[in-house]
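Reader: I have a chain in front of me and would like to go through a few of its features.

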Amino acid sequence: MTKSGALVLAAYSLAALVPCPAYGQESPRAGDPLSAPAREETSGLPDGVRFSGSIRPRYETLANQFVAGRTGGDEVLNIRTLLKLEVDAGPLTFVGELLDSRLLFGNDGGGASGVVDAIEPIQLYAQWSQRDAFAPAASLRLKAGRFAMDVGSRRLTARSNFGSTVQSFDGVQAAWTSADDLKVSAFAVRPTTRAPSDSPSELDNEIAFNPDLSNISFTALHIDSPLPHDTRGEIYVFALNERDASDTPSRNRDLLTVGGRLRRQRAPDAFDFDLEYAHQTGTLRASASPLDVTDLNHEASMLHAEVGRTLDMAWSPRLSLLYDFASGDGSPLDARSGRFDSLFGDRSFELGPTSIWGALSRNNLSSAGIRLEVAPDTESDALVMLRHVELAEASDRFGNTGVVDPTGASGKEVGQQLEVRYRRWLAKDALRLAVGAAALFEGSFLKNAPNATDQGDAYYGYTELTWVF
């Protein structure tokens, strides 16, 4: 047995020794397919010590690649394990979380390497908490170390839910909540990057500690306030500053993203909505080449608008209409940049599965859609979503696919994306099955762009089984 295999077996054996208690409640984060919160009690461990985790094997298949330069399909079997230990020592809490995500088999011609991060401590931090901080009944939390974050809508900074890997940050974070639920948070961090970064090493599940990127600083202030009529409002500012390092060339992004959000939570027999707009300014370079020293003026924007209604009837159906816009770059030849940078956000909960799929992203996108969600019983739920997809700018590339027509002659119509998903608890609060699929029906752009694969409509499916403990 290899050294890495022995480590994985030891981690799984440790998980198997822990009894499987009731899983708390599902994360309130939009689209979170599964979350493993810390347990209130853990048999056999000292007071104040909590252990939790999950093991999730997933099989994925993709037919008719749409990414430029790729042909055929992809097939991946991945297993992801999360182990989390929390030690409560009064006002101080110490948290460590280990991720082991590895490829059991998959094609090396696609995105298989993107699911690998073997034996990685994704969180290792200390948190200090205080009651009555600056106001009666208010609470303050200060966190320092390595951690993952969900901020606001999660569109600009998030811990990935669908993906097998996790974006971590090194730094500090503060969060203050008042007695009337006004929330103010701020952070100053450096993002980490996955290692090893070369595809052959990733496909071999090689183990290496993920370093932080010392050439990138990421800071933010986020305010979330209750408003009349059961609504909440958010305002925020994110600042990203990136510079070349000796071993890490970059696009030298210097971006300021300012935005706001207005939302109303879902409720039976009532309308809900989610409106968010962000504007981005700054400078960056067209490429990460050391020879590229020209700063481009950057101005971009992002919009999400959604309105839905949950019917008070059997299956609690919720029907919603939504629209997403993220600007693209109008001309690749001028001295300006217009492609929105989604920073460290998640997209799977709105734009479809990621992993080896990930057709849509929050850049150069104009997409209207309709979504239906139902809960046939307390153990299961299902989703169907259909989107019409266009480019915001005909001369910019489609998402992260690399498919582009610099002349704009291929038009803006990408096509339609259909997504379906069904999830069911096989053992309540302990074992859950999820199956899903997506299809991209190609429009004129994917048929006519010079470097389009033009293999026909693309199809994707996955099956996963998650044990939560």
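Author: What follows is a short set of questions and answers on strands and cores.

Author: This is a predicted model, where local features need pLDDT of at least 70, side-chain atom pairs count only at pLDDT 80 or more, and totals for chains, interfaces and linings use all residues. Residues are numbered from 1 along each chain as its sequence is written, and side-chain values use heavy atoms, with hydrogens and water left out.

Reader: Which residue in β5 is the bridge partner of Trp128?

Author: Strands are DSSP runs of E, at least two residues, numbered from the N terminus, while helices are runs of H or I, at least four residues; two strands pair if DSSP finds at least two bridges between them. Strand β4 (residues 117-131) runs antiparallel to β3 (residues 92-106), with nine bridges, and Leu92 stands opposite Trp128. Eight bridges join β4 to the antiparallel β5 (residues 139-147). There, the partner of Trp128 is Leu142.

Reader: Which element gives the most residues to the largest nonpolar core?

Author: A nonpolar core is a set of buried (under 20% relative accessible area, 1.4 Å probe, protein chains only) Ala, Val, Leu, Ile, Met, Phe, Trp, Tyr and Cys residues joined through side-chain atoms within 4.5 Å. The largest has 29 residues, and Trp357 and Tyr460 are among those that touch the most other members. Two or more residues come from each of β18 (431-442), α4 (444-448) and β19 (458-468). The element that gives the most, with three residues, is β19.

Note on methods
Buried means under 20% relative accessible area, exposed over 50%, partly exposed in between (1.4 Å probe, protein chains only).
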